[in-house]
Amino acid sequence: MASGQADGTGSGTGKSPTQGTVVTRFAPSPTGFLHIGGARTALFNWLYARHFGGKTLLRIEDTDKARSTKEAIDAILDGLDWLGFDYDEAPVFQSERAARHAEVANMLLEAGHAYRCYATAEELEQMRAEQRAAKRPLRYDGRWRDRDPADAPEGAPFVVRLKTPTDGVTEIEDAVQGKVKVRNEEIDDYILLRSDGSPTYMLAVVVDDHDMGVTHVIRGDDHLNNAFRQLPIYRAMNAIEGGWDDPVYAHIPLIHGADGAKLSKRHGAMGVDAYRDELGLLPEAVVNYLLRLGWGHGDQEIFSRDEAVALFDLPAVGKSPSRFDFKKLANMNGQYMREADDARLADLAAPRIAALEAGFDAASHRDLLVQAMPSLKARAKNLDELAEGALFLFRQRPLPLDDKAASLLQAEGAGELLADVANRLEQASDWSIEPLETELKAMAEERELGLGKVAQPLRAALTGQSTSPGIFDVLVLLGREESLARIREHAGAAVP
């Protein structure tokens, strides 16, 4: 927008777009990991574009060469891939487009929408000192806005600043926040090109969004103020050559910790890779949880990917910050694990088992691990719990005992009870759940014991733990030979 034309103008629309017209983008800066807030922003952009049959694009904003790293770029791409977000075009790297950014800045300069500022660092610092002393906002005072560049010393360095509107109001009809207004006098003439000719973030974002055809800018509400600084570029370029329509803005509230404080590492502000590698979560559970952080559809909690695409729209995004709750995420992950394919879970758990048990060979034990999954996954909320729960299947005798298991095996009468169990089970002709259950229930009745009194020391002998899958599942998974060997080992060693 040209200077002085802001009064009463607005950005955004309350209308739903038509199918196939939406283009969104996710634009992370590769200065670190893909954090959980960024993952949610990526998700909302992806879902919105897919919901309207449009395109979703990826832009790597790597202009900060001092902090952008290849490792961070790889981590971001890996995290997005793990979450299942596909993009409709190859990633755009902002650093490769500096010449285009400068071209637009020079067009603004030639058309009178921007100007050269020759203020020195010392002059600007003095200006800010005077503003601080007078308790005024720290803003560039426009000292070169209408000044003749011939006044500058020959060869003096300069920056290119945008001529922002000086009066009136800019209004945005944000698709999440609603109507937001800013007085134009609050926005100073910010820098487009630095003295070395490099573009600033504000310029690069607008040029890239325009050139990529982005129609909807969905991002965190910490960028809301940036929208009022970026719109003047759109409007000035639209006056110059046309076709620079305002995007629809949707600024989504940030994620806070469960205590309402700004999200930090203790709340869950880790890289997406940590949710996979350190916490052992499934990507579909993480995506579902992120979807429910700030968006909802009635009381429904679990959404398939197809359901999310069909239902997601911006009006259902809340205006208040969401609270990240590890317990809810863990419970949701447990639900997804119970529904997950057994072979897939076995393959995911195998490396974790190998890290815990040196003798574990994934290839030779895979069939048993897959067979055990229905019993194991019912008790696990993450892949680490799944791996730990499976260890008893692959450990060599003598099994390590946890404290409670050792106590059960050392209790009075435990050895004699296990000897009786071994003798009974040795006679079993059918080593499957129902016959084994029938035999042990009969034994418990004869001893006038509840089945639990038999199962507790038996579980300790078979697994080395006080908790495990159902005892008959354990017997079947271990098989006759190994089960009887483990029982007899403790029957003989138990202290009467």
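**View A. Glycine 213 and helix H5.** Glycine 213, with a positive phi near 75 degrees, follows H5. Helices (H or I, at least four residues) and strands (E, at least two) are DSSP runs numbered from the N terminus. The model is predicted: local features need pLDDT of at least 70 and side-chain atom pairs pLDDT 80 or more, while totals for chains, interfaces and linings use all residues. Residue numbers start from 1 along each chain as its sequence is written, and side-chain values use heavy atoms, without hydrogens or water.

**View B. Surroundings of helix H5 (residues 201-211).** Eight of the 11 residues are buried (under 20% relative accessible area, 1.4 Å probe, protein chains only), so H5 is largely enclosed by the rest of the structure. Among the buried residues are Asp208 and Asp209. Their cover, counted by contact (heavy atoms within 4.5 Å), includes strands E2 (23-26), E3 (55-60), E9 (191-193) and E10 (216-220) and helices H3 (98-110) and H6 (224-241).

**View C. Packing of helices H1 (residues 36-51) and H8 (residues 283-292).** The axes, lines fitted to C-alpha atoms over the stretch in contact, are 10 Å apart at an angle of about 85 degrees (0 to 180 degrees between N-to-C directions). H1 is therefore roughly perpendicular to H8 (65 to 115 degrees). Ile36, Ala39, Arg40, Leu43, Phe44 and Leu47 of H1 meet Val286, Val287, Leu290 and Leu291 of H8.

**View D. Arginine 459 in helix H17 (residues 451-463).** Arginine 459 is buried but has no salt bridge (side-chain nitrogen of Lys or Arg within 4 Å of a carboxyl oxygen of Asp or Glu). Aspartate 473, the nearest side chain of opposite charge (Lys and Arg positive, Asp and Glu negative; His and chain ends not counted), is 8.4 Å away.

Key:
Buried < 20%, exposed > 50% of the residue type's maximum accessible area, 1.4 Å probe, protein only. Parallel < 35°, antiparallel > 145°, perpendicular 65-115°, else oblique.
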